[in-house]
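Grab a pencil and work through these exercises with the structure open beside you. Try each task yourself before you read its solution.

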Amino acid sequence: MAALAAGGFYMVLTGSQVPMQRSFAMAALVTVALLAGRRAFSPRVLAFAAVVVLALHPAVVLGPSFQMSFFAVMALVAGWEVARPWLRRDPGPRPWWWWPLAAIAGTALTSVLAGLATTPPGLHHFGRVQLFGVAANALAVPLTSVLVMPAGMLALLLMPLGLEAWPLAIMGWGVRGILAVAHAVASWPGAALSLPPPPAWGLLVTALGMCWLCLWRTRWRLWGLPAVLGGMLAGAVTPPPDALVSGDGRLFALRVEGEVFLERRPGAARFVQEAWLRAWGASSATNLPAQGEVAGGRITCVPDSCTLRDAAGAPRLVLLRPPIPRRNERLPPQYAPRELCGMVPLILSPEPLRGRCPGTLVVDRFSLWRNGAHAAWSAEGRILSDRDWRGDRPWVPPEPRPRGEEALPPAAIE
């Protein structure tokens with residue numbers, strides 16, 4: 001009970017993140033089970049922790065922290081239940097080297113199970129597959145358990161006495177060691193693969209397959225493997241968007257046969273660019289040229305625009321490139337090129353476009369101001385905005401209106 005109270009204090013001290021809430025809820029139920037003489041390591045413990053966390057923060061079920069944490073623990077619990085009968089055999093006296101070998105094998109198996117279980121949500125959210133997580137964990141986990149955490153707890157106890165300097169120094173050595181391991185493993189060739197991330201429905205199929213695989217105790221559980229693999233491969237059959245536009249209109253990206261090409265305006269966020277590359281499963285991007293052709297002639301650029309064509313050579317998308325205004329300079333009104341209206345399915349522009357363009361979808365600064373970032377599928381002639389994705393829900397802010405229109409009813413504006 002004292003250890004449970006200390007764990008609760010540590011959870012509050014570190015910000016009560018989702019993995020900590022899950023760990024504390026499980027620890028609380030395990031403590032009660034031990035006091036009552038019941039089996040503590042069970043899928044029911046994880047289910048109880050999930051109920052507690054979701055009751056406090058329902059939205060976290062969509063985040064990587066919740067998914068990776070619960071996927072990993074579910075796989076570990078199921079792996080323990082499978083291995084428990086074999087581990088409890090009593091073949092007689094064991095040699096001295098059996099125990100250290102069992103400890104090393106147990107650590108490696110734990111890392112393998114947790115790594116495999118967290119691969120689907122990691123691929124969905126980050127577009128990366130880590131191949132050498134077992135090697136990294138084999139070195140980093142002992143440093144954390146033996147050096148970092150004990151030194152941190154000791155420093156916490158000694159803070160009221162002003163004696164926390166030397167435990168924090170020891171903790172710093174451990175942290176630097178973990179960072180050195182991370183940098184070394186990340187530098188290995190092929191340490192991280194960029195793959196097309198599965199969509200939300202693919203992750204849901206994978207989650208159902210994981211539950212089937214881990215919760216059944218008969219051979220029926222193996223039917224969960226096809227669902228897990230099918231959900232992870234869903235990204236390969238889901239067509240990704242051909243173009244992405246940031247919400248501030250400062251970054252545009254075109255994708256052609258796996259290659260990504262960027263049009264950057266001043267102030268474009270690198271964080272957004274990296275998120276796009278992860279979503280496309282790409283490792284790098286190339287800037288669009290000032291003039292010329294790229295992607296085997298599929299993209300043709302001139303100083304004032306870039307045109308994306310399909311495999312047959314028909315124009316599918318035009319990205320306008322108006323001049324970049326200087327400080328305190330206002331550009332003259334920009335109009336959609338009349339010769340493109342009805343001839344090209346989609347026009348993208350970082351500046352507002354005046355007038356109408358019948359027969360063509362237009363995403364300009366006005367569109368971004370109203371509806372946020374956009375994704376476009378040129379072959380389908382379809383666009384999807386951030387507002388469309390979030391839907392008409394109470395927590396989604398209403399569509400902004402220009403000055404002077406706030407007091408007008410919607411019918412008058414239309």
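Two strands pair if DSSP finds at least two bridges between them. Helices (H or I, at least four residues) and strands (E, at least two) are DSSP runs, numbered from the N terminus. Before you start: this is a predicted model, where local features need pLDDT of at least 70 and side-chain atom pairs count only at pLDDT 80 or more, while totals for chains, interfaces and linings use all residues. Residues are numbered from 1 along each chain as its sequence is written, and side-chain values use heavy atoms, with hydrogens and water left out.

**Exercise 1.** Work out the strand order of the open six-stranded sheet, then look at how β8 and β9 are joined.

Solution.
- Step 1: Reading across the open sheet, you get β7-β8-β9-β10-β12-β14, and the pairing is mixed.
- Step 2: Check the edges. β7 (292-294) and β14 (361-363) each have a single partner strand, so one side of each has no neighbour in the sheet.
- Step 3: Zoom in on β8 (residues 299-302) and β9 (residues 305-309): they run antiparallel, with four bridges joining them.
- Step 4: Pick Thr300 and look across to β9, and you'll find its bridge partner, Thr307.

**Exercise 2.** Find the disulfides, and say which way each one turns.

Solution.
- Step 1: What are we after? A disulfide is a covalent bond between the sulfur atoms of two cysteines. Here the test is a pair of cysteine sulfur atoms within 2.5 Å.
- Step 2: Searching the whole structure turns up two disulfides.
- Step 3: Cys301 and Cys306 make one of them, with sulfur atoms 2.1 Å apart. The angle about this S-S bond is 110°, and the link is right-handed.
- Step 4: Cys341 bonds to Cys357, S to S 2.0 Å. This link has -120° about the S-S bond and is left-handed.
- Step 5: Now place that pair on the chain. Cys341 sits in the loop between β11 (334-335) and β12 (346-348), and Cys357 in the loop between β13 (353-354) and β14, so the bond ties together parts 16 residues apart in sequence.
- Step 6: Are they buried or exposed? Buried means under 20% relative accessible area, exposed over 50%, and partly exposed in between (1.4 Å probe, protein chains only). Both Cys341 and Cys357 are buried, and Cys301 and Cys306 are buried too.

**Exercise 3.** Explain what Cys211 is up to.

Solution.
- Step 1: Cys211 is in no disulfide, and the nearest cysteine sulfur belongs to Cys214, 7.4 Å away.
- Step 2: Cys211 has a relative accessible area of 32%, so it counts as partly exposed.
- Step 3: Cys214, at 7%, is buried.

**Exercise 4.** Sort the ring pairs.

Solution.
- Step 1: Learn the rule. Rings of Phe, Tyr and Trp (its six-membered ring) pair if their centres lie within 6.5 Å; planes under 30 degrees apart are stacked, over 60 edge-to-face, and the rest tilted.
- Step 2: That rule gives four aromatic pairs.
- Step 3: Phe66 and Phe70 are a tilted pair, 4.4 Å centre to centre with 35° between the planes. They are four residues apart in helix α4 (residues 64-87), which puts about one helical turn between them. Both are buried.
- Step 4: Phe132 and Trp188 are edge-to-face, at 5.2 Å centre to centre and 70° between the planes. Phe132 is partly exposed at 28%, and Trp188 is partly exposed at 39%.
- Step 5: Finish with Trp212, Trp216 and Trp220, which ring pairs link into a cluster.
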